[in-house]
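Dear colleague,

I am passing on the structure we spoke about, together with a written account of what a reading of it turned up. Please look through the text with the structure open beside you.

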Amino acid sequence: MKTAALVLLALAVALPPRCSAEGAPSLRELHRSIREQAAREGHEKALAEANRKLASALKRRDKGEQREWAYRTGRLHEEAKDFAAAQDLFSQGLELARAAGDKAATGLHLAALARVYGALGDHPGAVTHYRSALDACRGLDDKAGEAEMRRQLADGYRSMGAFDSAIEQIQSAMDIDTEGGSKTGLAQDHHALGLVAADMLEYGDALAQFKSAWELYRQVGDPSPDLEDEMAVIYETILAHFSRAGPGLAPSLNARVGIWTNERALFVPGWSHSKDRLAEGRLSLARRNFKEASTLFKKAIEEGENAKDAAYVIAGYQGLGWARKEMGDLAGSRQAFENAIATIESERELLAPAERGLFLQGRDYGFRRKEAFEGRCLVAVDAADGFYWAEHAKARAFIESVAARRGSAASIPEDLAKAETDITRRIAATQAEIDAAFYDKRASRGEALLERLAEEQRGQDDLVARLRKEHPEYAAARYPQPLRAEDIKLKPDEVLIEYMVTKEKTLAFVVTPGKDGKPVVNRFEAQMLFSEFWPTVMNYLTPFHYRRDVDKRKGTYRARYSLKLYETLLSPIFRYRDSAGNPLVTAASKLIIVPDDVLGIVPFEAFIRSWPFGDTPEFFDFKEGAAPSFQDIVFLGDLIDIAYAQSATALMIGRTLREGRGASSGMLVLADPIFSREDERAKADASLASYVTPERVRQAQASAGKFMGVKGTIEATPFARLKETGTLAANLRKTFGSGTVVLQGRDASESRLRAEDLARYRYLVFATHGILDADIPYLQEPALMLNQLGNPEDADGFLGVREVMGLKLDADVVALTACGTGLGRQVSGEGVMGLGRAFQYAGARNVLMSLWSVSEKSTTMLADAFFAGLKAGQTPRAALKAGRAKLRANGYNHPFFWAPFILMTD
C-alpha cells in the first residue's frame, strides 16, 4: 500500500507547473528532481546530501539556495513522515521567500506547510495555508496556478468534510480553466468534483464526474495515474452493495452487475472483470458460490503479495474469511480474518498518529477494514475470544491517545529515548524507500529493503521488550495493548456489557467478576436483522433530535421502538440464569455499557421496562396533567444504575492512570459566554462594540438549527445567549462556597480557562453550547463554544476534542451541560469519540454529558440537583438518578428532558 506521503508525491508529480516565476523550476520539475535523486541514491543518502547542500548554502549565506534546499530537504523529511522536521524546514524557507519578496517560492512553501498540517490532522491549519498560497498564486497573475491551488484548497476542505466549500473552490477553478481553454485543468476539475461526490456517498454523481474527467484526459493524452483506481473503487463499492442484496434479487442483481461490469471494462480496462480476482471473488460471494470465491480470493492474496499491494492483500484475506465462514470452515475463516487484521495493523503503524484515528473507517477494494474485526468476532472460538476481538477494534483510538499524551521521552533515560526516536525514524525512512522502489517497479531493490525493514522492526520489538521490563509504566502508556477478558478487573457489583454491531447481527458480550474473581464472559445475539436494527434506533431517537416535533414534544413518544430495543438488546441478558440459577444482572448491579456504532448515541436508561397501557402505537400521545402520563411508565433507569465507557481497555487504563492521585478540591464553572455583538453585554462594553459575530459562528447557525432545542434555547439563532446558565453558576457558588471560581461572560473564554490550574479542581462545569463535528468546517470535531468576542489571535473561541485531550485534570466530575456534547465523530470500530471521552483522557474520573440538544431550564434544574447530591456525599451515579427524579417530579416527565444526560465512568 502506498503511504500517504508517496501518494501526495505521485499526485504532485502529475500536476502541471504552478506558482512558478519566469526562469524558476516548476513544481513538477522540482518534485521530479527530488524523486529521481531519492530513487537513484536511496532515501537516506539523498537526505544526507540535501542536508549537506543546505548547510553549505547557510555557510555561504546564499539565501536563494537556502530556500531551494530547505524545500528539498523538507520534502524528503515529509516523504519519510518526519513531519516535525519538514514543518520546520518549510517554515524556514517560507520566511526567506517572504523576506526576498519571492511570491512563487512563498506559494511553494505555503502549499508544502498546508500538506504537512493536513498530514498531522490539523485540517483548519491546512486550509489557512492553502488560502495564503492561493493569494501568492493570484499575485503572480498565473491563472493556471490559481486554478490548481483552488483545487488544492478544495482538497483541504474535502478532508474536513466541508463539501460545500470544496465544491465552491472547484467551480471557481473550473471557471478559470473554461476561460483559458485548459482541457487538462477541466479534467482535473471534474476529477476533483468526483472525489467530493464519492466522499458524500453520491456514487452516481461521482461516476458522472469521473467519466467526464476520463474523456478529457483521453483527449489531451495525459491520463491521471489515479483516476482508474478511483473509478474502480466506486464500481467495487456499487458491486459490494449489490452483493448484500440477497438471493431473492438474483435476476436483478445479475442484470445490474452486467451493466456495471461492462461499463467498468470500458472506463477502467485494467480492472476488467476477467482480470480482477477480487471482483470475481465478490461476485462469487454474491452468488453464494463460496468454494469458487475461496479459490479466487487465494489467488488475489498471492497477486497482492507479489505486487506488495497491502490493500489488495487485506481485501483478499477479508473475502477469504467470509467465504470460509459460509463454507463452515471456521478455523480457516479465523485465520484469514487474523491475517487481514495483522496486515491492517502493520499499515496503521506506518501512519502518522494524527492519521490513525480514522483508519478503520476506510475501505480496501470495497471491504471496510472494520469488517475484518467483525468477521473474526463472528467466528470466535468462545465468548472470551469474541470479546477480545470486539475490544481490539474499540480500544485503538483510546490507547493511541493515551500513548501520545502519557508516553513522554522525558520519563525514560536519555539513551533509551534517543534509541526509540532513532529506530522509529529509520523504520519510516526505510518504508518510504520501499514504497518508492515498488512504485518504480524496482523489485530487487524493494526486496532488499524489505529485509532491512524486518531487521529494524525486530530491533524495535527488542527495544519495546526492554522498556516493558525496565520502565513498565512508560511502556504501558506508550505501547498499550487491548485487554483480554481475564485482564478486566471489575468491582464485585459491576457488570460490563460490550456491544459489537456487525453487518450480519449485533453481538453483546457480558463480563461479570465471577465468584473467584476471575471474569466470566457470556455472549448474546440480538434477535433483529441489521437492516432492521439501524432504522429502529433512528426511529426511536427521531422525536428527540428534530425540530419538526418541537410543538408536540411534551406529548409525543415512540414507545414501540423503545420497547423493541429493550427486548432486542437487554432482555435476553436480564433473563439469563447460569447453571446454578443465578442471574447475570440483579437490581443491585451497576451496569457499564460499552456501545458500538449507532448505539453510541442511545441512552439505555430511557428504554421502557414496564408499559401499563396495552397496545403500543408508533406514536403515543400524552396529555400533560391527565392520565395516562409518563410517570406511569417504568423506565430501565428507574430500576438499575447505568454508566458508559469507551471500551473495557479504556476503563481499565483510566483506573490505573488515576490510582494514587491526590484528592482535588474546589469547583470551576464556565457559564453564559458572549456569542455575538447583539448580546447586551457586548453592546455595553466599548471594547467589544466593534466586534462582529465571527464568520465561523455564522456558518454554524444553519447547521445547528436542524438539531432540536426548546423555546429559549434554539430558535432563529441556534447559539442564543444562555441566561439560565448564569443562574446555575450562582447556585453552585452558593452551594460550594468560596472554593468556587466562575468564568462568565467575556471571562468564559479559552485564554482565561487556560490560565487556570485545572488540576486543582474537584468539579468542573461547562454550561454552554456544544456543537457537532459537522457544524463548523474550521473544527470538524465536537467542541464547546466559549466566548467569541475580543479573543486574542491564538484563541478561536472553541474547546475541541484535541484541545481537551491536552488539558491536565484531576477531577472527580466534569459536567457538560450543553447541547449534544455526547455526539461526536463516528470512528468505525471504536465508538463515538465525543467530548465526554476526551475529558476522561484528560484526567476526569466521571463525565456527565448530553446526547441531544437540551432545555436550558430543565438542564439547570438537573445540574443543581446533581451537584447538591455530590455535596451531600452521593456517588455520581446516585446523584444523577436523584437529579432525573427531581426533573420528573417538577413536570419534566418526557424523556426528552431527563434522558439525554448520561454518565461516563471510570
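A residue is called buried when its relative accessible area is under 20%, exposed when that value is over 50%, and partly exposed in between. Please also keep in mind throughout that this is a predicted model.

With those cut-offs, the salt bridge between Glu470 and Arg466, whose closest N and O atoms are 3.1 Å apart, is a convenient place to begin. Arg466 has a relative accessibility of 37% and therefore counts as partly exposed, and Glu470, at 41%, is likewise placed in the partly exposed class. Both belong to helix α23 (residues 443-470), where a spacing of 4 residues separates them by about one helical turn. Elsewhere, salt bridges with shared partners link Asp672, Asp679, Glu680, Arg681 and Arg721 into one network.

Two further salt bridges make a useful comparison in terms of burial. Glu146 is bridged to Lys143, with 3.9 Å between the closest N and O atoms, and the two residues sit 3 residues apart in helix α8 (residues 143-160), which is about one turn of that helix. Their surroundings are described by separate values, since Glu146 is buried with a relative accessible area of 7%, whereas Lys143, at 49% relative accessibility, is partly exposed. In the salt bridge that joins Arg376 to Asp385, the closest N and O atoms are 2.9 Å apart, and here both Arg376 and Asp385 are buried. In the structure as a whole, the search finds 41 salt bridges.

Turning to the strands, you will find an open sheet of 3 strands, arranged in the order β15-β16-β17 with antiparallel pairing. The edges are taken by β15 (770-771) and β17 (798-800), and because each has a single partner strand, one side of each is left without a neighbour in the sheet. The antiparallel pairing of β15 with strand β16 (residues 783-785) runs over 2 bridges, and Leu784 in β16 is the bridge partner of Gly770.

Glu750 deserves a look alongside this sheet. The residue lies in helix α34 (residues 750-755) and is buried, its relative accessible area being 4%. If neighbours within four places in sequence are set aside, the contacts of Glu750 are Leu786, Ala795, Asp796, Gly797, Phe798 and Glu803.

A parallel pairing is found between strand β7 (residues 590-594) and β11, which are joined over 4 bridges, with Ile592 standing opposite Ala643 in β11. In a regular strand, side chains alternate between the two faces of the sheet. In strand β11 (residues 641-644), Asp641 and Ala643 point one way while Ile642 and Tyr644 point the other way, and all of these are buried.

Finally, some totals for the protein. The chain folds into 39 helices and 22 strands, and 57% of its 906 residues count as buried. Where contacts between residues at least 6 apart in sequence are considered, 71% of them join residues at least 24 apart. The accessible surface comes to about 36,900 Å², and carbon and sulfur atoms account for 50% of that area.

With best regards

Note on methods
Residues numbered from 1 in each chain as written. Predicted model: local features only at pLDDT ≥ 70, side-chain atom pairs only at ≥ 80, totals over all residues. Heavy atoms only, no water. Salt bridge = Lys/Arg side-chain N within 4 Å of Asp/Glu carboxyl O. Buried < 20%, exposed > 50% of the residue type's maximum accessible area, 1.4 Å probe, protein only. Contact = heavy atoms within 4.5 Å. Areas by Shrake-Rupley, 256 points an atom, 1.4 Å probe, with all protein chains shown as cover. Pairing = 2+ DSSP bridges.
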